[in-house]
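Before the notes below are read, please have the sequence and the structure open side by side. The points are meant for someone meeting this chain for the first time, and they begin with a single residue before turning to the overall fold.

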Amino acid sequence: MARSTPKQKINAQPAFVLHQHPYRETSRLLDVFTRDHGRLTIYARGVQRPGSQVRSVLLGFQPLLLSWFGAGEVKTLHAADWQPGLPQLSGLPLLCGFYLNELLQQLLVRDEPHPALFVAYFDAIKALARLQQQSAPDVEPILRRFERQLLQELGLSPAWHVQADSGEALAAEGYYHFVPQQGFVASTATEGCPSHLIDAFARDDWQDEALKPWAKLWMRQSLAHVLGERPLHTRQLLIDLQRI
């Protein structure tokens with residue numbers, strides 16, 4: 001889909017607020033992820049004034065319809081409407097939501113549409129919301145699924161069914177080592193992952209618990225290759241919590 005032109009007014013665009021901070025005395029700057037226009041910076045004038053109705057609408061992890069206008073990199077908010085139906089995240093699902101937001105902020109170029117990734121993000125938030133009533137929510141499939149979609153959108157997802165060096169299909173009883181941005185190369189049973197787990201990850205089949213540590217390793221290696229020296233603060237917080 002085409003990017004918005006400098007003076008174009010956009011109405012009722014599905015969006016999520018990734019981050020926001022005060023700007024001057026009465027306004028805010030919003031970092032938003034929109035369905036058809038990608039990641040944008042939007043200036044929300046006057047929303048910190050007492051009695052502002054828009055302020056209560058601009059919530060994280062809640063589906064919104066945003067309207068904006070203006071030239072340049074920073075757009076100006078015209079209207080914001082909350083789309084009900086999702087409970088507010090809390091606990092571990094909330095931390096996972098912050099992790100997803102940080103990934104988008106770190107890796108998405110502004111003003112580039114990613115409609116499929118927007119759908120994946122919305123699906124992840126809905127899945128996290130469903131988990132928060134559980135005493136031990138299993139968030140890993142949700143996180144790995146979104147990370148994989150993000151890498152695919154960035155053109156950095158490997159081929160999951162073939163060997164990186166030969167292009168041949170993975171052997172049914174084979175073992176493979178993962179190389180970031182390349183894929184899988186033959187390995188030994190003591191050091192590699194069995195091919196049936198690689199196939200399960202490609203099919204989004206999480207019945208085998210043995211898949212989870214492998215999938216976490218593949219996504220962590222892939223993202224580290226892209227992020228370089230940039231830290232992910234929410235990931236470290238999640239790691240620290242698991243140690244408690």
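Is glutamine 163 buried or exposed, and what is its relative accessible area?

1. In this predicted model, glutamine 163 has a relative accessible area of 13%, and because buried means under 20% relative accessible area, glutamine 163 counts as buried. Its place in the chain is the loop that runs between α3 and β6, the latter being residues 175-179. A polar atom of the glutamine 163 side chain lies 3.4 Å from the backbone oxygen of alanine 169. When neighbours within four places in sequence are set aside, the residues in contact with glutamine 163 are Glu168, Ala169, Leu170, Tyr176, Phe184 and Ala186.

2. For the chain as a whole, the secondary structure comes to 6 helices and 8 strands, and the order of these elements from the N terminus on is β-β-β-β-β-α-α-α-β-β-β-α-α-α. The C-alpha trace spans about 65 × 40 × 30 Å along its principal axes. Of the 244 residues in the protein chain, 46% are buried. If one takes the contacts between residues at least 6 apart in sequence, 56% of them join residues that are at least 24 apart.

3. A closed barrel is formed by 5 strands, which follow one another in the order β1-β2-β3-β5-β4 and pair in a mixed manner. On average, and with direction ignored, neighbouring strands of this sheet are turned by 55 degrees against each other. Within the barrel, strand β1, covering residues 10-23, pairs with strand β2, covering residues 27-34, in the antiparallel sense over 8 bridges. One bridge to follow by eye is that of tyrosine 23, whose partner in β2 is serine 27.

4. Two helices should be viewed together with these strands. Helix α1, residues 91-107, lies across β1, β2 and β3, where β3 covers 38-44, and α1 runs at about 95 degrees to β1. Helix α2, residues 115-131, packs on the sheet as well and touches β1 and β2, with its direction making about 65 degrees with that of β1.

5. How are α1 and α3 packed, and at what angle? Helix α3 comprises residues 140-153, and its packing with α1 is at an angle of about 10 degrees, with the two axes 11 Å apart. Since angles under 35 degrees count as roughly parallel, α1 is therefore roughly parallel to α3. On the α1 side the contact is made by Cys96, Tyr99, Leu100, Leu103, Leu104 and Leu107, while α3 contributes Leu143, Phe146, Glu147 and Leu150. Sorted by class, this contact of α1 with α3 has 9 nonpolar residues, no polar residues and 1 charged residue.

6. Two residues deserve a look at their backbone geometry. Alanine 12, found in strand β1, has a positive phi of about 50 degrees although it is not a glycine, and with a relative accessibility of 43% it counts as partly exposed. Aspartate 111, which lies in the loop between α1 and α2, likewise has a positive phi, of about 65 degrees, without being a glycine. The relative accessible area of aspartate 111 is 25%, so this residue too is partly exposed.

Key:
Residues are numbered from 1 along each chain as its sequence is written. This is a predicted model: local features need pLDDT of at least 70, side-chain atom pairs count only at pLDDT 80 or more; totals for chains, interfaces and linings use all residues. Side-chain values use heavy atoms; hydrogens and water are left out. Two strands pair if DSSP finds at least two bridges between them. Helices (H or I, at least four residues) and strands (E, at least two) are DSSP runs, numbered from the N terminus. Axes are lines fitted to C-alpha atoms, for helices over the stretch in contact, and angles run from 0 to 180 degrees between N-to-C directions. Contact means heavy atoms within 4.5 Å. Angles under 35 degrees count as roughly parallel, over 145 as roughly antiparallel, 65 to 115 as roughly perpendicular and the rest as oblique. Ala, Val, Leu, Ile, Met, Phe, Trp, Tyr, Cys and Pro count as nonpolar, Asp, Glu, Lys and Arg as charged, and the others, Gly among them, as polar. Buried means under 20% relative accessible area, exposed over 50%, partly exposed in between (1.4 Å probe, protein chains only). A polar contact is a pair of N or O atoms within 3.5 Å; within protein, one must be able to donate a hydrogen and the other to accept it, and residues adjacent in sequence count only if both atoms are side-chain atoms.
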